[in-house]
Amino acid sequence: MHIVLQLIPKKYLIGGTLILLGLSGLLIMSTIVAITGEFEKDSQQSEVTEIEGGGIGVGTANVSPEVMKYQPLLEKYAQKHGLDASYVPIMMALIMQESGGRGNDPMQSSESFCGSVGCISSPELSVDKGVLHFKSVLEKAHYDLKLCLQSYNFGGGFINYVMKNGGKYTPELAISFSQSQYQKVKHTGNYHCVRPEMVPYQACYGDAKYVDAVLKYYTGTITADGKPAAPASGGSGGKSGVKVIDAGKTLIGKTRYVFGGGRSQSDINAGRFDCSSFVRWAFEQVGMNVGPMSGVTTDTLKTQGQAINPKDMKPGDVVFFDTYKIDGHVGIYVGNNQFLGCQGKTGVAIASMAKGTYFGERFNGRVKRF
């Protein structure tokens, strides 16, 4: 072996050694990155317990983990079909009532898609067609959200019935429609009251209490016309936005970034925050509740408020960045291509989002006004 080494030019021996060292270093770094990435992924998933919603009326849809996993798909197909993202929490409540997030057709959209139960065997296809059907029913109901929800259960005939009887959803109309339809189909023996309290009324077609059943998973308000509402008093932009920024600035130099921090009062008292918990805290200081302390994440924040074109950003608007995942980081815009956020190395600080900077290259264009 010694003789072989002597025959090899010295410069090749040195080059080969450097290559081996470089490959070893890359292997070690890849292992560290993989382990860190999995840790962050698992930590983020464990935080998510509920989803916040704006637009329809700020509220919370409390759903199971099985339903939570459909949030990205609902957002994807809401965008595809041109439905305002503020309806995502309501659709999550709908899934909770329809299936609890179980099975291959979580939105129970087979009938609306192909006219028979069981023709959908893909959860993503169920969400795709379910969102499309929800939008269609919502438009036909003239954005009367309760009429939309009840028609999702009864079918489009209920909308025509309501339009001939006052034009607005009422619980009484839901019961009378169920009664009239049941009289037409009860001879088949295929229809039975899903609710015992409907038996005396013989209202056994569909679920006459479907609206209440869905909305029990949604805590909040619904505007009179059911349409997404603009934030009150100009939202977080403008003067209100300046107040949020001023509140957030009081923590500059007094905090440290802790992934998952800021979700208990002891964390807050100790100055331990991550990006989303800091944003929640800042808005809380000016009297705006944008999520529960224990459950706030970038994913819950991004479903709130009014979507704003990045060209129209104002101080106080909330901006999102694609870091370790889509919408992995969030902060509060302060103007001049800068935002206030809680970052890994600095804690709460003002950072640049100008082109060519780390966050400038990761700004994804999502801007929300609370």
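These are my notebook entries on strands, cysteines, salt bridges and two odd backbone angles in a predicted model.

**Ground rules**

I'm working with a predicted model, where local features need pLDDT of at least 70, side-chain atom pairs count only at pLDDT 80 or more, and totals for chains, interfaces and linings use all residues. Residues are numbered from 1 along each chain as its sequence is written, and side-chain values use heavy atoms, with hydrogens and water left out.

**Entry: strand β8**

I started with strand β8, residues 329-335. For helices and strands I go by DSSP runs numbered from the N terminus: H or I of at least four residues for a helix, E of at least two for a strand. How many residues of β8 are buried? I found seven of its seven buried, so I noted the strand as mostly covered. Buried here means under 20% relative accessible area, exposed means over 50%, and partly exposed is in between (1.4 Å probe, protein chains only).

Next I looked up the partners of β8, counting two strands as paired if DSSP finds at least two bridges between them. Strand β7 (residues 318-321) is joined to β8 by four bridges, and the two run antiparallel. In that pairing, Val319 stands opposite Gly331. With strand β9 (residues 338-343), β8 shares three bridges, again antiparallel. Here I noted Tyr333 of β8 facing Phe339 of β9.

**Entry: two positive phi angles**

Most residues other than glycine have a negative phi. I jotted down two residues that go the other way. The hairpin of β8 and β9 has two residues between the strands, and Asn336 there takes a positive phi near 55°. Asn336 counts as exposed, because its relative accessibility is 72%.

The other is Gln202, also not a glycine, with a positive phi near 55°. I found Gln202 in the loop between α10 (171-185) and α11 (210-215). Gln202 is partly exposed, because its relative accessibility is 31%.

**Entry: cysteines**

A disulfide is a covalent bond between the sulfur atoms of two cysteines. My cut-off for one is a pair of cysteine sulfur atoms within 2.5 Å. I get two disulfides by that rule.

- Cys114 and Cys119 are bonded, with sulfur atoms 1.6 Å apart. The torsion about the S-S bond is -105°, a left-handed link. I have Cys114 as partly exposed at 38%, and Cys119 likewise as partly exposed at 33%.
- Cys193 and Cys204 are bonded too, with sulfur atoms 1.8 Å apart. Both lie in the loop between α10 and α11, so the pair ties together parts that are 11 residues apart in sequence. The torsion about this S-S bond is about -70°, so I logged the disulfide as left-handed. Cys193 is partly exposed at 23%, while Cys204 is buried at 5%.

Taking the bonded cysteines in sequence order, I wrote the pairing as 1-2, 3-4. Cys275 is in no disulfide, and the nearest cysteine sulfur, that of Cys342, is 7.7 Å away. Cys275 is buried at 5%. Cys342 is in no disulfide either, and is buried at 0%.

**Entry: salt bridges**

I searched the whole structure and got 14 salt bridges. One counts when a side-chain nitrogen of Lys or Arg is within 4 Å of a carboxyl oxygen of Asp or Glu. I followed up three.

Lys302 bridges to Glu75, with the closest N and O atoms 3.3 Å apart. That pair links distant parts of the chain: Lys302 is in the loop between α15 (298-301) and β6 (306-307), Glu75 is in helix α4 (residues 71-80), and they are 227 residues apart. Both Lys302 and Glu75 are buried.

Arg369 meets Asp317 at 2.8 Å, N to O. Arg369 sits in strand β11 (residues 363-369) and Asp317 in the loop between β6 and β7, 52 residues apart. I have Arg369 as buried at 11%, and Asp317 as buried at 0%.

Asp327 meets Arg366 at 2.9 Å, N to O. Asp327 lies in the loop between β7 and β8 and Arg366 in strand β11, so the pair ties together parts that are 39 residues apart in sequence. Which of the two is buried, and which is partly exposed? Asp327 is buried at 0%, whereas Arg366 is partly exposed at 28%.

Last note: Glu75, Asp299, Lys302, Lys325, Asp327 and Arg366 are linked in a network of salt bridges.
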